[in-house]
Amino acid sequence: MSAKVMIPEKVMILDPSEQLRPEAAFAKKPLKAFRDYSIDPNDPIKERVRQTYTQMHTHMTMDFVKQQHKKWCGFNTFKATVMDVIKQLDNLVDESDPDVDVPNIMHSFQTAERIRQEHPDKEWFQLTGLIHDIGKVMAFYNEPQWAVVGDTFPVGCAWADSIVYRDTSFEQNSDGKNPLYSSKYGIYKPNCGLENVIMSWGHDEYLYRQMKHNHASLPEEAFYMIRFHSFYPWHSGGDYMHLCNEKDLEMLPWVLEFNKYDLYTKSEEFPDVEALTPYYQKLIDKYMPGALSW
Ligand SMILES: [Fe+2]
Ligand SMILES: [Fe+2]
């Protein structure tokens with residue numbers, strides 16, 4: 001019988017870039033320069049980011065999330081291979097991201113290639129890096145970016161302090177008027193486990209469910225990375241530990257390991273997508289072959 005793991009109420013991590021610093025030697029700009037959410041009305045990228053989050057935090061209610069589950073989780077919107085969707089992301093720039101102003105396909109290959117350099121033996125991890133953002137394909141099917149991109153957070157309980165723009169962006173969100181939804185545990189039981197928590201709707205949750213639906217044969221660590229890579233208030237902010245169970249804490253180091261490559265490769269030079277495609281096609285054929293349902 002395994003010893004019971006004590007789950008801390010809140011893990012204090014004041015600066016996520018500080019925490020990840022020693023291992024992210026490959027970053028091409030100072031680590032503190034990533035994820036800068038300071039407000040500057042004269043800076044067009046900062047304003048674009050802030051406005052995307054204001055829209056998200058205004059409209060992301062429990063009702064909205066349930067409606068998105070109905071809309072997307074029948075997986076009858078279209079059929080496409082993983083590589084088709086990756087190529088489609090050549091036309092998408094994530095409006096929530098202060099660090100990327102290039103098409104998402106570049107970010108996919110940058111992330112995958114860095115993982116490949118540091119984990120040459122873990123094909124599943126490399127593929128996870130390549131595909132982690134392809135749920136953003138929803139943006140091509142009439143979803144506004146605020147319902148696709150950006151950091152995620154649980155609905156049905158209080159919004160944590162570490163959510164970006166927490167103090168200024170939720171004022172119009174109707175869940176804030178619901179006493180249950182704005183209490184600490186909300187609709188959840190203590191340490192119920194993140195798999196029982198309803199997350200804000202975005203590309204993480206969509207791709208996670210899509211992969212389960214299509215029977216992707218990746219390990220559990222990969223599913224955690226996909227589902228929670230944008231859950232910064234948890235993996236880097238140290239919040240929502242009161243909802244986590246032992247499995248979540250076991251998986252957290254993997255999510256952080258992934259996060260290092262997701263975040264700190266964003267300043268790198270562009271990879272040669274065409275030359276790299278055959279290598280990654282083999283990985284797709286192994287774990288997520290053929291035309292999938294989306
Ligand atoms: Fe992402
Ligand atoms: Fe990403």
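# Two iron ions, two cavities and some ring pairs

Me: What kind of arrangement do the four donor atoms around the iron ion (ligand 2) make?
Reply: In this predicted model, the four donor atoms around the iron ion (ligand 2) subtend angles of 79 to 165°. Four donors would count as tetrahedral only if all angles lay between 85 and 135 degrees. Because the angles run from 79 to 165°, the arrangement is irregular.

Me: Which residues coordinate the iron ion (ligand 2)?
Reply: The donors sit at 2.1 to 2.3 Å from the iron ion (ligand 2), and their spacing along the sequence reads H-x24-H-D-x128-D. Two of the residues give an NE2 atom and two give an OD atom. By name, the residues are His107, His132, Asp133 and Asp262.

Me: How many residues apart in sequence are the parts that His107 and Asp262 tie together?
Reply: The donors of the iron ion (ligand 2) are spaced H-x24-H-D-x128-D in sequence. His107 lies in helix α5 (residues 104-118) and Asp262 in helix α11 (residues 246-264), so the pair ties together parts of the chain whose separation in sequence is 155 residues.

Me: Are His107 and Asp262 buried or exposed?
Reply: The word "buried" is used for residues under 20% relative accessible area, and "exposed" for those over 50%. By this rule, both His107 and Asp262 are buried.

Me: Which residue bridges the iron ion (ligand 1) and the iron ion (ligand 2)?
Reply: The iron ion (ligand 1) is coordinated by Asp133 (OD), His203 (NE2) and His229 (NE2), at 1.9 to 2.2 Å, and these donors follow the spacing D-x69-H-x25-H along the chain. The iron ion (ligand 2) has Asp133 among its donors too. The two ions lie 3.6 Å apart, and the residue that bridges them is Asp133.

Me: What relative accessible area does His203 have?
Reply: His203 is a donor to the iron ion (ligand 1), as is His229. His203 lies in helix α8 (residues 203-213) and His229 in the loop between α9 and α10 (232-235), so the pair ties together parts that are 26 residues apart in sequence. His229 is buried at 3%, and His203 is buried with a relative accessible area of 2%.

Me: How much space lies in the largest cavity?
Reply: A search of the whole structure finds two cavities of 30 Å³ or more. The space in the largest cavity is about 220 Å³.

Me: Which residues of its lining are the closest to the centre of the largest cavity?
Reply: The lining of the largest cavity divides into six nonpolar, seven polar and nine charged residues. Of the 22 residues in this lining, the closest to the centre are Asp94, Ser96, Asp97, Asp151 and Lys266.

Me: Which helix gives the most to the lining of the second largest cavity?
Reply: The second largest cavity holds about 50 Å³ of space, and its lining includes Leu194, Tyr208 and Lys247. The lining residues divide into five nonpolar, no polar and four charged. Five residues come from the helix that gives the most, which is α9 (residues 220-228).

Me: Why does the pair of Phe78 and Tyr141 count as stacked?
Reply: The whole structure has 25 aromatic pairs, and planes under 30 degrees apart count as stacked. The rings of Phe78 and Tyr141 have their centres 4.6 Å apart, and the pair is stacked because the planes are at 5°.

Me: Which residue, Phe78 or Tyr141, counts as partly exposed at 28% relative accessibility?
Reply: Phe78 is buried, with a relative accessible area of 12%. At 28% relative accessibility, the residue that counts as partly exposed is Tyr141.

Me: What angle lies between the planes of Phe125 and Trp254?
Reply: The pair links helix α6, which holds Phe125, with helix α11, which holds Trp254, 129 residues apart. Phe125 is buried at 0% relative accessible area, whereas Trp254 counts as partly exposed at 25%. This aromatic pair is edge-to-face, 6.2 Å centre to centre, and the angle between the planes is 75°.

Definitions and conventions: Residues are numbered from 1 along each chain as its sequence is written. Chains are lettered from A and ligands numbered from 1 in the order in which they are written. This is a predicted model: local features need pLDDT of at least 70, side-chain atom pairs count only at pLDDT 80 or more; totals for chains, interfaces and linings use all residues. Side-chain values use heavy atoms; hydrogens and water are left out. Donors are N, O and S atoms within 2.8 Å of the metal (3.2 Å for Na, K and Ca); water is not among the atoms, so sites may look incomplete. Four donors count as tetrahedral if all angles lie between 85 and 135 degrees; four count as square planar and six as octahedral if opposite donors are over 155 degrees apart and all others between 65 and 115; anything else is irregular. Helices (H or I, at least four residues) and strands (E, at least two) are DSSP runs, numbered from the N terminus. Buried means under 20% relative accessible area, exposed over 50%, partly exposed in between (1.4 Å probe, protein chains only). On a 1 Å grid over the protein atoms alone, a cavity is a set of points where a 1.4 Å probe fits but cannot get out, and a pocket is an open set with protein on both sides within 12 Å along at least five of seven lines; lining residues have an atom within 4 Å of a point. Grid points are joined across faces, edges and corners, and a volume is the space filled by probe spheres set on the points. Ala, Val, Leu, Ile, Met, Phe, Trp, Tyr, Cys and Pro count as nonpolar, Asp, Glu, Lys and Arg as charged, and the others, Gly among them, as polar. Rings of Phe, Tyr and Trp (its six-membered ring) pair if their centres lie within 6.5 Å; planes under 30 degrees apart count as stacked, over 60 as edge-to-face and the rest as tilted.
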